[in-house]
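User: Could you walk me through this model, one question at a time? I would like the cut-offs along the way.

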Amino acid sequence: MSGKVKIMERRGKDLYERVYLIEVFKGMATTFGHFLRNFLDNSKLLVRHYPEQKPEITARWRGRHRLTKHEDGSMKCVACFMCQTNCPAKCIMIEAGERTDGRTEKMPVRFDIDLLECIYCGYCVEACPMDAIRMDTGIFSVTGNERESFVMKLEDLLATPGAFSEEEYKKGGA
Amino acid sequence: MSQLDILLIVSRVCFGAFVPLCFIAVCVWMERRGAAFFQDRSGPNRANICGFRAGGLVQNLADAVKLITKEDIIPGHLKHKFYFVLAPCIVFCIAIASFAAIPFADVMKIGGKEYIMQTIPTDLGILWFLALAGFGVYGIILAGWSSHNKYGVLGGLRAAAQVISYEIPMGLAIVSALIVYGTVNLTGIAQFQGQLLFGFIPMWGVVLQPLGAIIFIVAAFAEANRTPFDLAEGESELVAGFHVEYSSMKFGMFFMGEYVAMFTNAAIIVTLYFGGFQIPWLATETLVAYARPLTVLMMLAVPACGWIFCLWMSKNNRSHYAHESDYRDREVAVYTKIVWGIVAAIDIMLFVYLIAASGGDADRVLVMFLQVFTFLIKTTMMCFVYVWVRWTLPRFRYDQLQRLGWQTLLPLSLLNIFITSAVVVALS
């Protein structure tokens, strides 16, 4: 435990700083400089004009969920309940049914994610052994008029495409 | 009473009542956009009526609609509901009433009569302000106590202690100013500041009383419960302080009262230390004597100002992102027309004055309007200083606040009185 100890100099004790006013005026000069710069040319503001200018979402961003598919269009999910068991917010509700396309034995007939409960922790993605659930849609704002509209159904989850290429997603650390 | 008397009384009362109310909108707008610009943000610039945003002023309208239509809650556990409702009314009414004694133009001499341009033509001026400023805090204490809420009570107690500590340096700073001016009449004080020191420096209070001005301004900040002295509502420790239980328009009254108090304090600071309605180097009689050349000068200056404003607007009112059919372009076109319309109207009025009415009483009226304009400009600039300080300085801790009040400002203001009286006695 021989961490470096850096002793900070205590400020504010000498007369120059005790007078307050000089330091106050220096601070006011700084802020007024900002004001004047922005007032004379507001293109220098450090803002993103949000609804028109969207933020750049990286592949690691945990956005709204989606369910992935095989190349032939059948869903990867095998209804193993790993994500539902692992979910700390208990927002996933799966109902398993018999699989008909011959890949495995089970598939979900119901897969609901309550986005009002979800905390976007990404544990479901980590738990999934089939890489069937991902949070790479890049959707960062979910809005709706009723509570019910926030419950994502199986069809919604399957219909949403990923926002990134497979390569980018893998590079993101998944 | 002649018709002119009645007209002037009515216009004075209207000025005293409505100008502070109008300046609520201006101050709130200045606070929000100013704060944004100080912090490199753009501030509220979306609310609009048919695409016209008036630089963000429409946001005030949206806020007002929100505040009025919200649920007006009176908590069920209160024992004194009457006082709970009374408190915001006190804060708001006192703030407006304290503007009443402030002169917004020099004494106007029309038809051999003199009209004092204060809402209440009283000689007591500064005493009226002091009395009401001290009374305003009763509303805050009452709000804190009647909320029956620990945060409310703490906020109210802090406000009480703070106002008591800062009333004293404020009063003493005023005493030393009164020694210099030799009158408590605010019109007299403003007239005194129309003189020139050594023949070329305007004899403003801030030149004669620099220390007093600083003490008064600091104390006025504390009186108005503005940052860095807004301990009464310190949200980091007291949630919202005295108005924690208030909602809807009752909160709106506190909010508006705060901004009216800010405007009134700015006006009293301007009147006491920054020459009031006086235009520097141009006293009232000089203005009246040179009314015609000044009018010609104004007829040139007004289009120049309009031109600069339009240039600034067309440069800054543009979208900084790709946008098909930029609605800001339409806005700029309409605003430019409005600005040139106002410029033309002012110039035509001045021209008519030059041709038809110059000389005699019309000069006095013109000078009165000029002085009202000067007074409002100065007050707006002082309000800007309030905003500026708020977004520069962090909040004081409670013990630091009391130490500053009692150990620094009080001795300094006493010292200021001694020095001032010594100089005044030595010079007279």
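User: Which helix holds Glu155(A), and is the residue buried or exposed?
Analyst: Glu155(A) sits in helix H5 of chain A, residues 154-159; helices (H or I, at least four residues) and strands (E, at least two) are DSSP runs numbered from the N terminus. A residue is buried if 20 or more other C-beta atoms, placed from the backbone, lie within 10 Å of its own, exposed if 12 or fewer, and partly exposed in between. Because Glu155(A) has 10 C-beta neighbours inside 10 Å, this residue of H5 counts as exposed.

User: Before we go on, what kind of model is this, and how are things numbered?
Analyst: This is a predicted model, in which local features need pLDDT of at least 70 and side-chain atom pairs count only at pLDDT 80 or more, while totals for chains, interfaces and linings use all residues. Chains are lettered from A and ligands numbered from 1 in the order in which they are written, and residues are numbered from 1 along each chain as its sequence is written.

User: How far apart in space are Glu155(A) and Arg66(A)?
Analyst: Along the sequence, 89 residues separate Glu155(A) and Arg66(A). From C-alpha to C-alpha, the distance is 9.6 Å.

User: In what order do the strands of the open sheet in chain A lie?
Analyst: Two strands pair if DSSP finds at least two bridges between them. Strand S2 (residues 92-98) and strand S3 (residues 106-114) of chain A run antiparallel and share 7 bridges, with Glu95(A) partnered by Arg110(A) in S3(A). S3(A) also has 2 bridges to the antiparallel strand S5 (residues 151-152) of chain A, where Asp114(A) is partnered by Val151(A). S2 and S5 of chain A each pair on one side only, as edge strands, and the order is S2-S3-S5.

User: How far apart are the centres of the two domains of chain A?
Analyst: The bounds, from an automatic or database domain assignment, are 7-47 for domain 1 and 66-171 for domain 2 of chain A. Their C-alpha centres are separated by 51 Å.

User: Why does chain B count as being as compact as a globular protein of its length?
Analyst: Chain B has 15 helices and 4 strands. The globule rule is 2.2 Å times the number of residues to the power 0.38, and the radius of gyration is taken over C-alpha atoms. For 428 residues the rule gives 22 Å, so chain B is as compact as a globular protein of that length, with a close radius of gyration of 23 Å.

User: Which helix gives the largest share of the largest nonpolar core?
Analyst: A nonpolar core is a set of buried Ala, Val, Leu, Ile, Met, Phe, Trp, Tyr and Cys residues joined through C-beta atoms within 7 Å. The largest has 97 residues, and Phe216(B), Ala219(B) and Ile269(B) have the most contacts inside it. Its largest share is 16 residues, from chain B's helix H10 (residues 248-273).

User: Which residues does Ile269(B) touch, beyond those up to four places away in sequence?
Analyst: Contact means that the C-beta atoms of two residues, placed from the backbone, lie within 7 Å. By that rule, and leaving out residues up to four places away, Ile269(B) touches Phe216(B), Ile217(B), Ala220(B), Phe274(B) and Met382(B).

User: How many residues does each chain bring to the contact between A and B?
Analyst: Counting the residues in contact gives 18 from chain A and 14 from chain B.
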